[in-house]
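Morning, everyone. I have one structure to walk through today, and I'll keep it short.

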Amino acid sequence: MALIDSFGRTIHYLRVSITDRCNLNCDYCRIDGNEILPNNDKLLTLEEIGRLIRIFTELGIERIRLTGGEPLLRKNILTLIKEIGSLPHLQELSLSTNALLLKRYAHDLKKAGVSRVNISLDTLNPKTFNTITRGGKLQKVLDGISTAVEAGLHPVKINMVVMKGVNDNEVGDMVEYARTHGLILRFIETMPVGDAGKQVSARYIPAEEILTMIKERFAAELIPVHQKIGSGPARYYQIVGTKANIGVISARSRHFCDTCNRMRLTSTGQLVLCLGHEDRKDLRTTIREGATDVQLKEQIQEAVYLKPESHQFDNKDILGATHQMTALGG
Ligand code: SAM
């Protein structure tokens, strides 16, 4: 079974946001103060999430990433992970997290069936961390990263959103940190998704500039790594003369829509076909109206066929208030 869209792309990867809540408040992700979280009755239950994920895997989804908000805030997440981890068609179950709760959870996640984690870390400076996250404590994240490595959630990938005048002076330090700790580092361009994402557009730095910063810092060339690392859109480079590889995710400056293999399910059961389009399919209503597995599969297949050809990040009118990163999971 395979899910193929109208442009011939095979969709085998699903990101599932299991809560919109977060224990950080990053300024490029979330608007401060006036955020409205979905009511509990709108949230998919763990049973509904488990059922949908099973159905997606029967349709050809091979990789699932749990995300949020902060997924580790969802009550009974380990029960859900155990259920998903035993699905016969699933090749990989991973998690995106800010690592604040990893010290407590990393070993249990590994035991329950998570193979690896992606961790957001934008700075190694406690003050800058506190500012970006509006109050977060960096040391807790660093402790969480160490525990993830110790628990064997391998490879641990670090995602750094690089922002002009905020943390762009730390690109080289982050390479050193990742190399010393055995982590895979990816630099991400800011995306104009959601109100917060749009507000930080002035901080945008294209991937090519980030690569230039690295060349200058290490006085070294970068050679593309052709060996496949993960199934995501990152382009990887080796820093010549060092053992370090780094990745860039250039969603704006050099988009990769022609090879897009993914879609997203929000915590309220909306299937989102593209991060750069608001169109969505409401699977929560379908499931709560008593749809059978066959009916749900038909709806999903129809939706996949409507996946847009490419994102619309540069069309400022298209991404409105309903399209928030906290609901989409990154
Ligand atoms: N709490 C988890 C975490 O911290 O990774 C998962 C949710 S978070 C929304 C997922 C990813 O989205 C993070 O790597 C974050 O940096 C990224 N993100 C959020 N807003 C963004 C934006 N405007 N542009 C680029 N990346 C963004």
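One definition before we start. Exposed means over 50% relative accessible area, buried means under 20%, and partly exposed is what lies in between. And note that this is a predicted model.

Let's apply that cut-off straight away. Take D41. It sits in the loop between strand 3 and helix 1. Is D41 buried or exposed? Its relative accessible area is 54%, so D41 counts as exposed. For a sense of distance, the C-alpha atoms of D41 and T292 are separated by 21 Å. Those two residues are 251 apart along the chain.

Now the opposite case. Q270 is in strand 13, residues 270-272. Its relative accessible area is 11%, so Q270 is buried. Who does Q270 touch, once neighbours within four places in sequence are set aside? R264, L265, R280, K281, D282 and R284.

On to the sheet. It is open, it has twelve strands, and the pairing is mixed. The order reads 9-10-11-8-7-6-5-4-3-12-13-14. Which strands stand at the edges? Strand 9, residues 222-224, and strand 14, residues 280-282. Each has a single partner strand, so one side of each has no neighbour in the sheet. From one strand to the next, the twist averages 25 degrees.

Look at the pairing of strand 3, residues 13-17, with strand 12, residues 262-265. They run in the parallel sense, and four bridges join them. One bridge to look for: R15 partners R264 in strand 12.

Helices pack on this sheet. Helix 2, residues 77-85, touches strand 4 (63-67) and strand 5 (92-97). Its direction makes about 150 degrees with that of strand 5. Helix 8, residues 207-218, touches strand 8 (184-188), strand 9, strand 10 (235-239) and strand 11 (245-249). Here the angle is about 10 degrees, taken against strand 10.

Stay with strand 11. Four of its five residues are buried. How does strand 11 run relative to strand 8? Parallel, with four bridges. In that pairing, R186 has G247 as its bridge partner. With strand 10, strand 11 pairs in the antiparallel sense, over four bridges. There, R235 is matched with V248. Strands 10 and 11 form a hairpin with five residues between them. In that hairpin, G241 takes a positive phi near 90 degrees.

Strand 8 also holds I184. Its C-alpha is 7.9 Å from that of G247, though 63 residues separate the two along the chain. Leaving aside neighbours within four places, I184 is in contact with P155, V156, K157, I158, I229 and Y236.

Next, helix 5, residues 138-151. Does its length hold up or fall short? At 1.5 Å a residue, its 14 residues should span 20 Å, and the end C-alpha atoms are 20 Å apart, so the two agree. Which of its residues are buried? L138, V141, L142, G144, I145, T147, A148 and A151. As background, an α-helix has 3.6 residues a turn, so residues three or four places apart point the same way. The cover over the buried residues of helix 5 includes helix 3 (102-112), strand 6 (116-120), helix 4 (126-132), strand 7 (157-161) and helix 6 (171-181). Just after helix 5, G152 takes a positive phi of about 80 degrees.

Now the core. The largest nonpolar core has 102 residues. Which of them touch the most other members? F56, L66, F187, M263 and I300. Helix 1, residues 46-59, supplies the largest share of this core, seven residues. Zoom in on F187. Not counting residues up to four places away, F187 touches M160, V162, V171, V175, I210, I214, I246, G247, V248 and I249.

Last item, the cysteines. How many disulfides are there? Zero. Take C22. The closest cysteine sulfur to its own is in C26, 6.4 Å away, which is too far for a bond. The cut-off for a disulfide is 2.5 Å between the sulfur atoms. C260 is in no disulfide either, with the nearest cysteine sulfur, that of C257, 6.7 Å away. And back to our opening definition: C22 has a relative accessible area of 29%, so C22 is partly exposed.

That's the tour. Questions welcome.

Definitions and conventions:
Residues numbered from 1 in each chain as written. Predicted model: local features only at pLDDT ≥ 70, side-chain atom pairs only at ≥ 80, totals over all residues. Heavy atoms only, no water. Core = buried A, V, L, I, M, F, W, Y, C linked by side-chain atoms within 4.5 Å. Buried < 20%, exposed > 50% of the residue type's maximum accessible area, 1.4 Å probe, protein only. Helix = DSSP H or I, 4+ residues; strand = E, 2+ residues; numbered from the N terminus. Contact = heavy atoms within 4.5 Å. Pairing = 2+ DSSP bridges. Axes fitted to C-alpha atoms, helices over the stretch in contact; angles between N-to-C directions. Expected span 1.5 Å × (residues − 1).
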